[in-house]
Number of protein chains: 4
Amino acid sequence: MAKIRVGVAGYGTIGQRLADGVALQGDMELVGIADLAPTLAIRALHEKGMPYDLYLVDGADKSQFDALGIPVAGTFADLIGKVDIMLDSSPGGVGAKNKVLYEKAGVKAIFQGGEKNSVADVFFHGYANYEKGLGQNYLKLTSCNTTGLIRSVDALDRAYGVSKVAITIIRRVADPGDYHRGLTNALQMEKAPSHQAVDLMTIMPHVDATGILVHTPVTHGHIITVLASGRDGRKITREEALAVFQAHPRIRVVSIDEGFKGNASLFKYARDLGNPRGDMYEIGLWSDSIVESGNDIMYAINIPQESVTIPETIDGIRAAMRMQLTREEGTAETNRYLGIGKFKK
Amino acid sequence: MAKIRVGVAGYGTIGQRLADGVALQGDMELVGIADLAPTLAIRALHEKGMPYDLYLVDGADKSQFDALGIPVAGTFADLIGKVDIMLDSSPGGVGAKNKVLYEKAGVKAIFQGGEKNSVADVFFHGYANYEKGLGQNYLKLTSCNTTGLIRSVDALDRAYGVSKVAITIIRRVADPGDYHRGLTNALQMEKAPSHQAVDLMTIMPHVDATGILVHTPVTHGHIITVLASGRDGRKITREEALAVFQAHPRIRVVSIDEGFKGNASLFKYARDLGNPRGDMYEIGLWSDSIVESGNDIMYAINIPQESVTIPETIDGIRAAMRMQLTREEGTAETNRYLGIGKFKK
Amino acid sequence: MAKIRVGVAGYGTIGQRLADGVALQGDMELVGIADLAPTLAIRALHEKGMPYDLYLVDGADKSQFDALGIPVAGTFADLIGKVDIMLDSSPGGVGAKNKVLYEKAGVKAIFQGGEKNSVADVFFHGYANYEKGLGQNYLKLTSCNTTGLIRSVDALDRAYGVSKVAITIIRRVADPGDYHRGLTNALQMEKAPSHQAVDLMTIMPHVDATGILVHTPVTHGHIITVLASGRDGRKITREEALAVFQAHPRIRVVSIDEGFKGNASLFKYARDLGNPRGDMYEIGLWSDSIVESGNDIMYAINIPQESVTIPETIDGIRAAMRMQLTREEGTAETNRYLGIGKFKK
Amino acid sequence: MAKIRVGVAGYGTIGQRLADGVALQGDMELVGIADLAPTLAIRALHEKGMPYDLYLVDGADKSQFDALGIPVAGTFADLIGKVDIMLDSSPGGVGAKNKVLYEKAGVKAIFQGGEKNSVADVFFHGYANYEKGLGQNYLKLTSCNTTGLIRSVDALDRAYGVSKVAITIIRRVADPGDYHRGLTNALQMEKAPSHQAVDLMTIMPHVDATGILVHTPVTHGHIITVLASGRDGRKITREEALAVFQAHPRIRVVSIDEGFKGNASLFKYARDLGNPRGDMYEIGLWSDSIVESGNDIMYAINIPQESVTIPETIDGIRAAMRMQLTREEGTAETNRYLGIGKFKK
């Protein structure tokens with residue numbers, strides 16, 4: 001079977017990781033990436049010997065690339081013309097403009113969380129609603145927090161039924177290397193309910209979700225506390241919850257006693273594993289955070305914001321291109337190529 | 001009526017504020033404070049002209065104070081001999097040793113949250129269990145987070161009944177000026193359930209409480225999100241909760257739209273108010289954080305960790321000395337002398 | 001003698017402190033302050049009972065103030081019409097626009113560091129070039145870092161002669177309560193030479209100055225290391241430098257052994273002193289940072305960025321209004337009313 | 001020729017990187033690593049399939065490793081018995097104890113900066129004093145800051161002569177994943193002169209060095225500003241300095257305009273390059289920080305604290321084992337195997 005040809009628009013934090021993730025899929029071909037300026041990410045690509053072809057979007061100044069000796073493979077239109085599907089990780093709002101080009105070229109696309117939901121036919125999560133993405137032209141991925149959150153809630157829901165969740169998002173405010181959106185010695189409130197709770201209800205409409213988001217001045221992963229109520233008052237026990245989490249390929253159950261003291265431990269561990277960029281595809285879930293609150297279950301997860309949406313985006317390719325027709329098959333193929341779940345017994 | 005004579009042991013972050021708070025009470029006399037070494041706090045006291053007499057605890061080297069020209073009024077035993085009640089804000093564990101001296105001298109004492117519960121006859125909160133402290137010899141105050149948390153939960157409970165709370169504590173890890181317990185670019189987990197939830201149940205035994213605590217690298221106030229369930233499934237609406245919070249003298253309802261963007265805004269506002277040290281006795285509560293989760297109510301509060309326990313400690317003096325016999329009267333007197341609630345309409 | 005009538009435009013971090021500082025001067029009258037919107041600072045002013053009259057600048061929506069019950073004394077033009085001199089601490093660039101109004105009304109003005117030098121007749125520092133400001137209509141103050149830096153370099157220069165300085169500014173990136181210009185887990189470089197070094201040369205043209213500025217994610221005071229070379233190769237010894245610093249009213253010599261471990265200690269100490277807002281007018285200078293580098297002298301100072309320019313701005317009023325005709329007399333009056341130098345032996 | 005057999009004691013931040021670095025050397029064999037407990041680093045080693053054999057130091061509880069299924073190759077004595085030279089990156093002070101074992105076994109060793117100088121025969125830096133290490137039994141590496149600093153000063157010195165340096169170290173206070181030595185919203189002073197300046201003089205005794213160190217709450221690399229004076233007053237121009245830095249294999253000249261805004265940019269770039277753990281062996285040096293101060297030259301460098309000492313430690317093996325007899329040959333071999341300098345034109 002011919003490999004599915006994939007392009008990536010926007011070679012930033014997410015775009016770099018999408019490209020790397022697609023390049024690992026045995027049944028996909030990364031045709032190239034497109035960007036605007038010789039950013040550090042592009043300079044690093046050059047220093048690595050251009051493993052991916054670079055195309056320039058409209059407005060790019062090719063002479064800047066020429067001056068640096070960075071080879072350019074063509075225009076954005078050239079890239080679109082060679083692919084079956086585009087992964088659009090452009091800055092928020094640009095994706096909607098790019099969609100016009102995709103439509104014109106008859107190319108499918110998957111947008112990231114920064115775009116409005118209306119850009120897409122379906123708001124997508126690989127585990128929660130894979131089948132809704134089947135054959136669709138335009139998908140939008142849930143944002144990083146929502147993607148990780150839904151992994152855990154969907155798992156509980158499929159096993160025991162979930163009717164209601166209340167979350168507290170302790171949000172990392174910037175990525176390592178960001179200078180423009182920092183926060184210094186402050187916890188910053190967002191108006192409730194958080195959009196992540198609202199988004200969860202779009203994907204899982206049978207769940208009542210709300211929550212509060214607080215920004216914190218750190219860079220290595222969001223932490224979310226989740227209080228989940230079973231359907232019809234059914235109690236979910238600590239042991240039941242733990243069993244479900246341990247069985248999920250994209251959830252890594254960790255503990256403080258093992259040395260996972262916080263979000264920075266997961267980043268350190270991923271670096272020590274030798275994962276490229278110190279990334280981790282799994283969310284972390286602290287077993288020693290799981291407590292019962294009456295019939296409800298409470299727990300804390302860690303969201304590696306830079307990489308967590310990569311697997312679900314690749315699931316999206318599989319759904320949109322009808323490469324696999326069920327969530328079980330689609331996510332399993334993604335996991336296999338990304339090496340997810342290998343550490344599970 | 002003779003004024004109640006009060007001493008303060010340990011002139012640190014809490015001790016300084018206890019001394020200032022007692023000095024404002026028209027029916028109390030601050031006899032003096034006791035400490036071990038010429039810390040910055042003692043040096044500042046000296047530079048201010050020694051508004052409070054200084055006594056030295058065992059182990060202090062008086063020559064250090066002499067060399068700096070800091071007058072010493074006597075020994076710790078001297079201070080104990082002159083007071084009706086001691087407020088003990090010594091480092092954790094020292095209070096238990098001091099208690100032997102208090103017992104010997106027949107002097108009552110109130111300990112801060114760092115001591116074990118067993119040091120005291122009653123674990124005390126001015127609003128939640130004032131009457132339990134009446135005439136008692138040894139009280140222990142709830143810790144800063146628990147004190148502020150209980151203010152809000154007790155208020156809801158008295159108005160509508162509360163059966164269950166699940167909290168997420170986003171803890172500031174150090175005070176301004178601390179260098180020894182910092183955290184840098186990390187969110188650190190504590191094992192659940194948090195001791196604050198457990199402590200709440202000690203004070204309010206009819207409430208089922210649990211929660212998760214995460215340390216964050218900031219200094220200006222903890223933020224706690226609270227999910228409270230009404231008794232017997234009674235729904236507590238957003239409007240009901242807001243009304244109760246607005247009526248509480250020690251809760252300041254604020255909003256993001258007014259400019260209270262986070263914990264640092266409350267600190268800035270207290271500085272701009274001209275409050276000594278930029279302190280605030282009230283907890284902040286964001287009106288735009290209050291959301292309904294099914295029949296439950298969720299909201300976020302800000303705990304000014306350096307000063308929040310001062311009013312409840314002074315309530316404790318009133319209870320232990322039987323100065324006022326009801327929580328309404330006791331807390332009202334404390335509030336009047338501290339200027340709490342003046343800003344309420 | 002009639003008091004000099006002073007107005008303040010812009011009631012932000014600097015404006016609030018200018019107003020408070022002027023209100024302490026026995027020979028000045030604070031007529032009022034002007035601002036645009038009901039910020040937290042204005043709300044705090046209201047909660048304090050409006051110690052200062054509030055005037056509204058063009059573009060303000062009076063109905064917002066009415067709705068909050070905040071009394072308005074008049075328009076910006078009204079304020080300008082009642083004063084001899086305006087202190088303009090508007091956001092950068094607004095001062096230049098306001099100057100047109102000041103010129104029309106024949107009112108003098110002092111601008112803060114955010115404006116361009118061209119807005120003023122003289123770039124001013126109370127200790128370094130007081131006489132240049134005598135009788136001038138428009139002064140511009142040096143920025144916070146430059147103001148504190150010049151205090152120390154001018155002191156060395158007058159005592160022993162300074163020909164050259166090389167500085168490293170370890171800049172706090174935001175004030176407590178700022179959310180919009182933060183930095184998270186990063187040290188950010190500025191292109192060298194830093195503008196503070198260039199500005200120093202404008203005020204002290206006989207000194208060759210350069211330096212490097214690095215932003216750091218903290219809020220309580222910049223730290224600057226200074227390497228100063230004596231004139232004609234004259235060695236400045238550690239003892240000589242220390243003697244000069246100890247004699248300066250606006251320099252507070254501190255040490256690590258006393259407990260001044262860093263910038264946060266100075267803030268804590270000012271809070272414990274009971275200084276309004278925890279402010280300090282003096283720069284800190286660590287005696288245990290002073291080291292000789294060949295014939296050069298190296299030391300580190302702490303700049304309390306929120307309050308450090310207040311004394312020199314008030315010096316500027318004295319110079320512009322010819323209240324005192326020499327730097328010695330002008331700065332001494334400012335110091336007396338602000339209580340600066342009281343702690344010196 | 002037989003490969004030099006190397007062991008690593010202490011598999012922490014430095015030890016992991018030493019092991020990886022040695023494993024890349026074509027003329028060395030990494031025999032194994034030794035540690036005490038199943039830390040996250042050891043768990044990651046296990047999850048990676050044990051690329052290196054693990055030996056247990058005295059006091060280790062083997063049953064902990066057995067319970068986790070982590071294979072153990074033997075005791076610390078077993079490891080020492082199989083190697084020619086040990087790289088000791090144990091916690092500070094432990095290396096001195098280990099030395100007794102090394103001496104008994106007749107094995108050479110290289111200690112890291114945490115040990116006292118007296119542990120070793122020579123205090124070593126690959127570029128500055130390679131020849132002093134030739135054939136020696138016990139070397140001690142300079143600390144991370146000193147290693148990077150000396151690279152730049154030695155380069156200037158060899159080209160133009162350096163007589164004096166004055167440095168300001170803006171120190172990152174913790175590594176990513178550290179929780180125990182953090183600092184929150186504070187800049188912390190150390191008593192001057194900094195030990196790094198003193199250490200530089202030990203290695204380069206003809207240079208007069210002093211400096212001030214300030215701790216900052218960040219994790220991604222120290223920044224040092226250096227003011228260097230030429231010998232006999234010779235002026236070093238900006239162009240001369242830049243030429244020398246650009247020619248040095250272990251110095252990466254970067255600029256703000258390229259996007260290297262601060263220390264976090266270098267970490268991000270190393271991650272994007274695909275470097276294991278996001279490490280970089282080179283120090284960064286900002287071309288737009290280089291300024292002339294009279295006849296002196298000032299510039300700023302970035303020290304990647306986790307990895308910067310790895311190349312010089314491997315140089316140390318080459319010197320101690322007499323693998324290459326000159327600094328040019330020794331450092332060139334290290335560079336070749338580590339891929340250092342490839343990006344240079």
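# How the chains pair up

User: How many residues of chain D are in contact with chain C?
Analyst: In this predicted model, contact means heavy atoms within 4.5 Å. On the other side of this meeting, chain C contributes 46 residues. For chain D, the number in contact is 46 residues.

User: What kind of model is this, and which numbering does it follow?
Analyst: Residues are numbered from 1 along each chain as its sequence is written, while chains are lettered from A and ligands numbered from 1 in the order in which they are written. Side-chain values use heavy atoms, without hydrogens and water, and local features need pLDDT of at least 70, side-chain atom pairs count only at pLDDT 80 or more, and totals for chains, interfaces and linings use all residues, since this is a predicted model.

User: What rotation superposes chain D on chain C?
Analyst: Copies are superposed by least squares on the C-alpha atoms of residues with pLDDT of at least 70 in both. The fit has an RMSD of 0.0 Å, with 0.0 Å of shift along the axis, and the rotation is 180 degrees. That is the relation of a two-fold axis.

User: Why do chains D and C meet through the same surface?
Analyst: The interface residues of the two copies can be compared. The copies meet through the same surface because the interface residues of chain D that are also interface residues in chain C amount to 100%.

User: How much area is buried between chain D and chain C?
Analyst: Buried area is the accessible area (1.4 Å probe) that two parts lose on being put together, summed over both. Carbon and sulfur atoms give 66% of it here, and the total is about 3600 Å².

User: Which three residues supply more of the area that chain D buries against chain C than any other three?
Analyst: Together they account for 19% of what chain D buries there. They are D:Asn185, D:Leu187 and D:Met189.

User: Which residue of chain C meets D:Asp257 in a salt bridge?
Analyst: A salt bridge is a side-chain nitrogen of Lys or Arg within 4 Å of a carboxyl oxygen of Asp or Glu. Between chain D and chain C the count is four. In one of them the N to O distance is 2.8 Å, and the partner of D:Asp257 is C:Lys191.

User: How many salt bridges does the rule find across the interface of chain B and chain A?
Analyst: Here 46 residues of chain B are in contact with 46 residues of chain A, and the area buried is about 3500 Å². One bridge joins the side chains of B:Asp257 and A:Lys191 at 2.8 Å, N to O. The count across this interface is four salt bridges.
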